[in-house]
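Biologist: Could you take me closely through a single helix and the loop that comes after, and then set that part within the whole chain?

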Amino acid sequence: MSVEELNPAAVPVPVEDVQGDGRWMSQHNRFVQECKDAEPEVLFVGDSMVQLMQQYEVWRELFSPLHALNFGIAGDTTCNVLWRLQNGELQNIRPKVVVVWVGTNNHEHTAEQVAGGIMAIVQLLMSQLPQAKVVVLGLLPRGERQNPLREKNAVVNGILRSSLARLGAAQFLDVGAGFVHSDGTISTRDMFDFLHLTSSGYWAVAKPLSDLLLQLLEETPEERRASLV
């Protein structure tokens with residue numbers, strides 16, 4: 001039995017066009033078209049957390065200079081990202097690093113299934129882009145106060161941290177530190193709707209990510225092989 005049959009969060013599925021305006025597929029087709037002309041060093045893939053990042057100064061200042069592509073679509077689950085990557089969004093490009101940030105929208109799946117879906121994305125990237133390094137960003141806490149979804153995301157992160165440690169070409173980066181205050185609340189200064197990030201929230205995430213990306217991009221092939229031994 002395949003991984004997809006065992007785990008519904010690892011089944012590639014396009015988004016159903018329930019509104020009838022074809023927006024999701026149009027975005028996907030635009031990404032596929034971008035692949036024909038772009039030569040990115042860094043590729044970002046994921047949901048709205050990725051998509052909205054490019055609307056802030058942090059993207060222009062830290063990631064645009066890295067020739068980064070942003071393939072984020074709001075509402076996407078691991079299933080949707082898998083489908084997109086299998087249907088043209090990796091063609092003709094050879095990024096040195098791929099940043100994956102998805103999973104918080106997998107409401108119908110268990111934490112174990114979500115982590116498995118993210119791992120399926122990582123495995124696909126490693127297969128299609130064998131020279132690339134993969135960085136998986138941890139899911140952020142969500143909701144003003146403690147709630148089941150926040151607990152679920154924390155479990156997903158724990159599984160990913162352990163699973164990715166066994167893969168030489170991929171690594172986990174926890175970017176959620178500091179968002180939950182001592183009283184257990186999240187501030188609208190960081191997440192305007194207790195899920196999506198404000199400018200200051202994105203800066204808190206982007207700084208450690210930027211430092212890691214610069215390190216990975218400067219790493220020589222020899223250093224890379226040595227780190228895998």
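Modeller: What follows starts with the helix, moves into the loop and ends with the whole protein.

This is a predicted model, in which local features need pLDDT of at least 70 and side-chain atom pairs count only at pLDDT 80 or more, while totals for chains, interfaces and linings use all residues. Residues are numbered from 1 along each chain as its sequence is written, and side-chain values use heavy atoms, with hydrogens and water left out.

Helix α5 spans residues 78-86, and 8 of its 9 residues are buried, where buried means under 20% relative accessible area with a 1.4 Å probe, counting protein chains only. Helices here are DSSP runs of H or I with at least four residues, strands are runs of E with at least two, and both are numbered from the N terminus. The buried set consists of Thr78, Cys79, Asn80, Val81, Leu82, Trp83, Arg84 and Leu85, and these residues pack against α2 (23-34), β1 (42-46), β2 (68-72) and α6 (111-128), a contact being heavy atoms within 4.5 Å.

Just after α5, Gly88 takes a positive phi of about 115°. Leu90 then lies in the loop between α5 and β3 (97-101), and Leu90 is buried, with a relative accessible area of 8%. Leaving aside residues up to four places away in sequence, Leu90 touches Cys35, Leu43, Leu85, Leu125, Gln128 and Leu129. One of these partners, Leu125, is 35 residues from Leu90 along the chain, and the C-alpha atoms of the two are separated by 8.6 Å.

As for the whole, the protein has 9 helices and 5 strands, and along the sequence they follow the pattern α-α-β-α-α-β-α-β-α-β-α-β-α-α. Its radius of gyration is 17 Å, close to the 17 Å that the globule rule gives for 229 residues, so the protein is as compact as a globular protein of that length; the radius is taken over C-alpha atoms, and the rule is 2.2 Å times the number of residues to the power 0.38. Buried residues make up 52% of the 229 residues, and among contacts with a separation of 6 or more, 79% join residues 24 or more positions apart.

An unreviewed UniProt entry carries the annotation "domain: SGNH hydrolase-type esterase" over residues 44-203; such annotations may be inferred rather than shown by experiment, and their positions are given in the numbering used here, with feature names shortened. Over residues 44-203 the chain is 38% helix and 14% strand, and the end C-alpha atoms are 16 Å apart.

Note on methods: Buried means under 20% relative accessible area, exposed over 50%, partly exposed in between (1.4 Å probe, protein chains only).
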